[in-house]
Amino acid sequence: MFRLPAAWAKSTVRSFSSFGKVDERIVSLISGIVGPGNITTSESARNLHGTDESFHPTRAPDAVVTPLTTPHVSEIMKICHSHRIPVIPFGTGTGFEGGVGAVYGGLCIAMHKMTEIVEVNQSDFDATVRGGVTRHQLNDWIRADGLHFPIDPGAGASVCGMCSTSASGTNAVRYGTMRENVLNMEVVLADGTVVHTAGEGRRPKKTSCGYNLTNLFVGSEGTLGVITQATVRLHGIPEATAAAISSFDTVQNAVDTVVQILQCGLPMARIEYLNVDMIRACNQFSNLDLKEAPTLFLEFIGSPSGVEEQAMLAEELCVGNGGENFSWATEHSERERLWKARHNCWYAIKATYPGKHAYSTDVVVPVSHLPETVLYCHSLAEEMEVPCPIVGHVGDGNFHCFLLSDQNNDAEMARIKDFSRRLALTAQSYGGSCTGEHGIGLGKRELLIKEVGAGAYDTMKVVKKSLDPLLIMNPGKVIDLDHLL
Ligand SMILES: Cc1cc2nc3c(=O)[nH]c(=O)nc-3n(C[C@H](O)[C@H](O)[C@H](O)COP(=O)(O)OP(=O)(O)OC[C@H]3O[C@@H](n4cnc5c(N)ncnc54)[C@H](O)[C@@H]3O)c2cc1C
């Protein structure tokens, strides 16, 4: 088992009070780099940048800086490093695990002014974007070239934020996650050093060249460095697309159908499962009249005849499992309407339970264990008497249960934390993970240790301490600060 070198232990922060503060002198130093209009200590900006979509209670940063260039980020990091100031990178704040909360105060580096699309290599199917570019901005830019960046977390996230959480979403069953779609990244380390994870300017589709630094930073949740640029894979916009839905009598039948569709090797673009509670909320929120039953949303892409063939085979499998109302649409507007409703699930649930805070679980299991895990989730909800709207990227074995609670009600909060933990432990017991795409953040740090075991966890600590010996990068996230001191 790895042991942390004693020299590193000595050089680290010993207690939380050892962190420096963002005082007037620091603000003035940073203002000298980025200009006075690009750093603020206003309460509204601090509050806005200290929260994401999660319910984890955290604290606002002491100041928010909006750099314009990578050299800006590097100079800012040098100052923070020499004063041991915590730094929290911020993309668009759509994360689900409290990643942007400033647990120990410090400086938020908000990336939204670094909006340059550096290059698009149409015939190589890749693009390089700066730290603040959102996936929507990239897709708007490349659509006319017949290209798209398919990783689709639903929200308008930044591409570099998506690198940082290893995001995926509805299209992952076809195109993979950020891990498979990032070719290179420019990262500013804790001491201000700028590195290119695959070498400056490189964008090969495959490489065996040394350690895979790119995938070390993908999923690092701002704890190892600030991602200032990413080179990502693009894909051709398919010639034809069709969307279909089918409703089932039972959860088991719906989920069994997913497994059979995958076993048949159907090249699905998307397979999403929505349970009764979720369909009811979608009907109300998106003005639909879908049957209130366990439902699959499917999408097929390819040539027009290929799409038709895929849809017919999928229909056969749905019907074979008692699926009803199999209907498929090729018109853009109808497809958009359905998928918009799917993407609005989070907001539909929030609207259905006004005044409640929602928390999204994120378990993923090998697909063969999907039926029993979804059924377990339903039985747990019944046992614990909690509402249980479920939506899932079930083609990957990943699904979310949106848990509702009143943050001021300790009993409710304890109940949903218990629910979430029991579901995650069950997924782990089936060889799965407590998080398929949202990350560890604040809420799943204990589950991380259980999942990877002592050897891998200690190795992660070694990596963290060697890249960030003063522990200033997003402290308290992923690895508990106490475990690093
Ligand atoms: C309605 C809704 C649906 C969603 N659906 C999905 C889904 O299907 N799949 C999915 O994967 N996610 C989903 N998400 C979650 C979210 O969109 C992703 O986690 C996304 O990757 C966060 O990107 P962001 O730019 O908003 O990052 P933020 O929320 O700003 O930050 C997230 C984490 O990344 C770090 N970070 C941000 N930018 C950088 C950077 N440049 N360098 C280093 N660290 C950085 C932050 O410090 C933080 O730890 C959904 C969110 C919402 C609101």
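Two strands count as paired if DSSP finds at least two bridges between them. The exercises below use this rule on a predicted model.

**Exercise 1. Describe the overall build of the protein chain, and explain why its radius of gyration fits a compact globule.**

Solution.
- Step 1: Take the inventory. The protein chain has 17 helices and 18 strands.
- Step 2: Take the extent. Along the principal axes, the C-alpha trace spans about 65 × 55 × 45 Å.
- Step 3: Compare with the globule rule. For 485 residues the rule expects a radius of gyration near 23 Å, and the protein chain has 23 Å, so the two agree.

**Exercise 2. Find the order of the strands in the open sheet of seven strands, and say which strands stand at its edges.**

Solution.
- Step 1: Write down the order. It is β15-β12-β14-β13-β17-β18-β16, and the pairing is antiparallel.
- Step 2: Look at the ends. β15 (324-329) and β16 (357-360) each have a single partner strand, so each has one side without a neighbour in the sheet.
- Step 3: Note the turn between neighbours. With direction ignored, it is 15° on average in this sheet.
- Step 4: Examine one pair. β12 (residues 240-247) and β14 (residues 295-302) are joined in the antiparallel sense by eight bridges. Within this pair, A244 faces L298 of β14.
- Step 5: Add the helix. α16 (residues 410-429) lies across β16 and β18 (398-405), and the angle between α16 and β18 is about 170°.

**Exercise 3. Work through the open sheet of five strands in the same manner.**

Solution.
- Step 1: The order reads β5-β6-β10-β8-β9, with antiparallel pairing.
- Step 2: β5 (117-121) and β9 (194-196) are the edge strands, and each pairs on one side only.
- Step 3: Neighbouring strands here are turned by 10° on average, direction ignored.
- Step 4: Between β8 (residues 182-188) and β10 (residues 226-233) there are six bridges in the antiparallel sense. M185 has A230 of β10 opposite.

**Exercise 4. State which residues come nearest to the ligand, and which elements supply the shell around the ligand.**

Solution.
- Step 1: There are 37 residues around the ligand, and G91, G95, G99, G161 and G222 come nearest.
- Step 2: β3 (87-90), α6 (159-165) and β10 are the elements that give two or more residues to this shell.
- Step 3: The most comes from α6, with five residues.
- Step 4: Sorted by class, the shell holds 15 nonpolar, 17 polar and five charged residues.

**Exercise 5. Give the domains of the protein chain and describe the contact between domain 1 and domain 3.**

Solution.
- Step 1: The domain assignment lists domain 1 (6-112 + 443-483), domain 2 (117-236) and domain 3 (241-442).
- Step 2: Taken over C-alpha atoms, the centres of domain 1 and domain 3 are 34 Å apart.
- Step 3: Domain 1 puts 19 residues into the contact, and domain 3 puts in 14 residues.
- Step 4: On the side of domain 1 that touches domain 3, five residues are nonpolar, eight are polar and six are charged.

Technical notes. Residues are numbered from 1 along each chain as its sequence is written. This is a predicted model: local features need pLDDT of at least 70, side-chain atom pairs count only at pLDDT 80 or more; totals for chains, interfaces and linings use all residues. Helices (H or I, at least four residues) and strands (E, at least two) are DSSP runs, numbered from the N terminus. Axes are lines fitted to C-alpha atoms, for helices over the stretch in contact, and angles run from 0 to 180 degrees between N-to-C directions. A residue is near a molecule or strand if its C-beta atom, placed from the backbone, lies within 6 Å of it. Ala, Val, Leu, Ile, Met, Phe, Trp, Tyr, Cys and Pro count as nonpolar, Asp, Glu, Lys and Arg as charged, and the others, Gly among them, as polar. Domain bounds come from an automatic or database domain assignment. Two residues are in contact if their C-beta atoms, placed from the backbone, lie within 7 Å. The radius of gyration is taken over C-alpha atoms; the globule rule is 2.2 Å times the number of residues to the power 0.38.
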